[in-house]
Amino acid sequence: MLMRTDPFRELDRLAQQLMGPGTWSKPSAMPMDAYRAGDEYVVAFDLPGVSADAIDIDVERNMLTVRAERRPVAKADDVQMELSERPLGVFSRQIVLADTLDTEHIKADYDAGVLTLRIPIAERAKPRKISIGVGTGGKEISG
């Protein structure tokens, strides 16, 4: 159902952590899980600290793109940062969806820092029985 587009994702993730925050032209990676649950495909992205209005989801043909931006928290003038480990900037992920998924009916939910996309399996991809017609002089197949 899902094809990986970048076999060096972990190496890229490590390099981006060392180089600093992502930008719109060079976004940081975003962790995700993907699995099939019944008649739908579920993709969950970790986006802690990102507001829902800073998330953008696009589908073009079978390419799904998720972009998000974690902005710095506004600080007062008298606040001095002692430690800053949480990454800021732009995060993005592109995945190629199989033709067996119905990209017209994707549902998105955002709760507790997790963006969950539910993509229905297309009717044409679901298993079905095919009946065999018996004509004159033909054999009936059972099984």
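This is a short talk on the fold, strand pairing, core and salt bridges of one protein chain.

A reminder before I start: the model is predicted. I'll go from the overall layout to the strands, then inward to the core, and finish with the charged pairs.

The protein chain has one helix and eight strands. Read from the N terminus, the order is β-α-β-β-β-β-β-β-β, so the helix follows the first strand, as that order is written. There are 143 residues in the protein chain, and 25% of them are buried. On the surface side, the chain exposes about 10500 Å², with carbon and sulfur atoms supplying 51% of that area. As for contacts, take those with a sequence separation of 6 or more: 56% of them are between residues 24 or more positions apart.

Now the strands. S4, residues 55-60, runs antiparallel to S5, residues 63-70, and six bridges join the two. One register point to check on the screen is Asp56, whose bridge partner in S5 is Arg67. What connects S4 and S5? They form a hairpin with two residues between them. In that turn, Arg61 has a positive phi of about 55°.

On to S5 and its pairing with S6, residues 89-97. That pairing is also antiparallel, and it extends over eight bridges. Here the register can be read from Arg70, which has Gly89 as its bridge partner in S6.

A look at S2, residues 32-37, which is where Asp33 sits. Is Asp33 buried or exposed? Its relative accessibility is 52%, and the cut-off for exposed is over 50%, so Asp33 counts as exposed. Leaving out residues up to four places away in sequence, Asp33 touches Val42, Val43 and Ala44. Between Asp33 and Val43 the C-alpha distance is 5.7 Å, with the two residues ten apart in sequence.

Val43 brings us to the core. The largest nonpolar core has 20 residues, and Val43 is among those with the most contacts inside it, along with Phe45, Leu47, Ile55, Val66 and Leu115. Which elements give two or more residues to this core? They are S3, S5, S6 and S8. As general background, nonpolar side chains in soluble globular proteins tend to be buried together.

Phe45 is worth selecting on the screen. Beyond its sequence neighbours up to four places away, Phe45 touches Met30, Pro31, Met32, Val66, Arg93, Gly113, Val114, Leu115 and Leu117. Two of those names, Val66 and Leu115, also appear in the list of core residues with the most contacts.

Last, the charged pairs. How many salt bridges does a search of the whole structure find? Two. One is between Glu40 and Arg118, with the closest N and O atoms 3.1 Å apart. This pair links distant parts of the chain, since Glu40 is in S3, residues 40-46, and Arg118 is in S8, residues 114-120, and the two are 78 residues apart. Glu40 is partly exposed at 25% relative accessibility, and Arg118 is partly exposed at 29%.

The other salt bridge joins Glu69 and Arg71, at 3.7 Å from N to O. Glu69 has a relative accessibility of 21%, and buried would need under 20%, so Glu69 counts as partly exposed. Arg71 is partly exposed too, at 46%.

That is the end of the tour.

Technical notes: Residues are numbered from 1 along each chain as its sequence is written. This is a predicted model: local features need pLDDT of at least 70, side-chain atom pairs count only at pLDDT 80 or more; totals for chains, interfaces and linings use all residues. Side-chain values use heavy atoms; hydrogens and water are left out. A salt bridge is a side-chain nitrogen of Lys or Arg within 4 Å of a carboxyl oxygen of Asp or Glu. Helices (H or I, at least four residues) and strands (E, at least two) are DSSP runs, numbered from the N terminus. Buried means under 20% relative accessible area, exposed over 50%, partly exposed in between (1.4 Å probe, protein chains only). Contact means heavy atoms within 4.5 Å. Accessible areas come from the Shrake-Rupley method with a 1.4 Å probe; for residues, only the protein chains shown count as cover. Two strands pair if DSSP finds at least two bridges between them. A nonpolar core is a set of buried Ala, Val, Leu, Ile, Met, Phe, Trp, Tyr and Cys residues joined through side-chain atoms within 4.5 Å.
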